[in-house]
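Here's a quick tour for anyone meeting this protein for the very first time. Take a look at the sequence and the structure, and then we'll walk through what sits where.

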Amino acid sequence: MDVHFFAAARAAAGTAQTTVQHHQLSSPSLGALIDVLGRDFEGKNTGVMGLADVLTRCSFLVDGVSTTDLTTSLENAHRVDVLPPFAGG
């Protein structure tokens, strides 16, 4: 599935997008994806908050549906958007 990072998540990951294969997950859940992403991007972008830390503050869109529930199934998911809290005026 394609994972798209926005704002602070993009800065922490050092990329706008990555691909994660379903078989890389310990279970077909959002929580398992977060674990994989945190581990895979650990230490990749020094000088900013690590991706694992950013992910704890994020909400997600799974194929366009908003969720923060770590048990959300990704079994048939094609795209996950990682959305950190946004500030603005």
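Of the 89 residues in the protein chain, 39% count as buried, where buried means under 20% relative accessible area, exposed means over 50%, and partly exposed is in between (1.4 Å probe, protein chains only). Keep in mind that this is a predicted model, with local features needing pLDDT of at least 70, side-chain atom pairs counting only at pLDDT 80 or more, and totals for chains, interfaces and linings using all residues. Residues are numbered from 1 along each chain as its sequence is written, and side-chain values use heavy atoms, with hydrogens and water left out.

How sure is the predictor? pLDDT is its confidence in each residue, from 0 to 100. The chain's mean pLDDT is 91, and 90% of the residues reach 70 or more. Among the elements, helix α1 (residues 7-13) has the lowest mean, 90, and β1 the highest, 98.

Now for the layout. The chain has three helices and five strands, and from the N terminus on they run β-α-β-α-α-β-β-β. These are DSSP runs, numbered from the N terminus: helices are H or I with at least four residues, strands are E with at least two. Contact means heavy atoms within 4.5 Å. Among contacts between residues at least 6 apart in sequence, 56% join residues at least 24 apart.

Which helix should you look at to see the inside? Try α2: eight of its 11 residues are buried, so this helix is largely enclosed by the rest of the structure. Its buried residues are Leu30, Gly31, Ala32, Leu33, Ile34, Val36, Leu37 and Gly38. They pack against β1, β2 (17-19), α3, β3 (59-62), β4 (65-67) and β5 (79-83).

A nonpolar core is a set of buried Ala, Val, Leu, Ile, Met, Phe, Trp, Tyr and Cys residues joined through side-chain atoms within 4.5 Å. The largest one here has 25 residues, and Phe5, Leu33, Leu37 and Leu51 touch the most other members. Its largest share, six residues, comes from α2.

Let's zoom in on two of those. Leu33 lies in α2, and beyond its neighbours within four places in sequence, it is in contact with Val3, Val20, Leu25, Leu74 and Val80. The C-alpha atoms of Leu33 and Leu70 are separated by 9.1 Å, though the two are 37 residues apart along the chain. Leu51, with the same close neighbours set aside, is in contact with Phe5, Ala9, Ala12, Ala13, Leu37 and Phe41.

There is one aromatic pair. Phe5 and Phe41 meet edge-to-face, 5.6 Å centre to centre with 75° between the planes. Phe5 sits in β1 (residues 2-5) and Phe41 in the loop between α2 (30-40) and α3 (51-55), so the pair links parts of the chain 36 residues apart. Rings of Phe, Tyr and Trp (its six-membered ring) pair if their centres lie within 6.5 Å; planes under 30 degrees apart count as stacked, over 60 as edge-to-face and the rest as tilted.

Strand β1 also holds His4. The His4 side chain makes a polar contact with the side chain of Arg79 (3.5 Å).

Here are four buried residues from this tour:

| Residue | Relative accessible area |
|---|---|
| Phe5 | 0% |
| Leu33 | 2% |
| Phe41 | 10% |
| His4 | 13% |

Methods:
Polar contact = N/O pair within 3.5 Å; in protein donor to acceptor, adjacent residues only side chain to side chain. pLDDT = per-residue confidence, 0-100.
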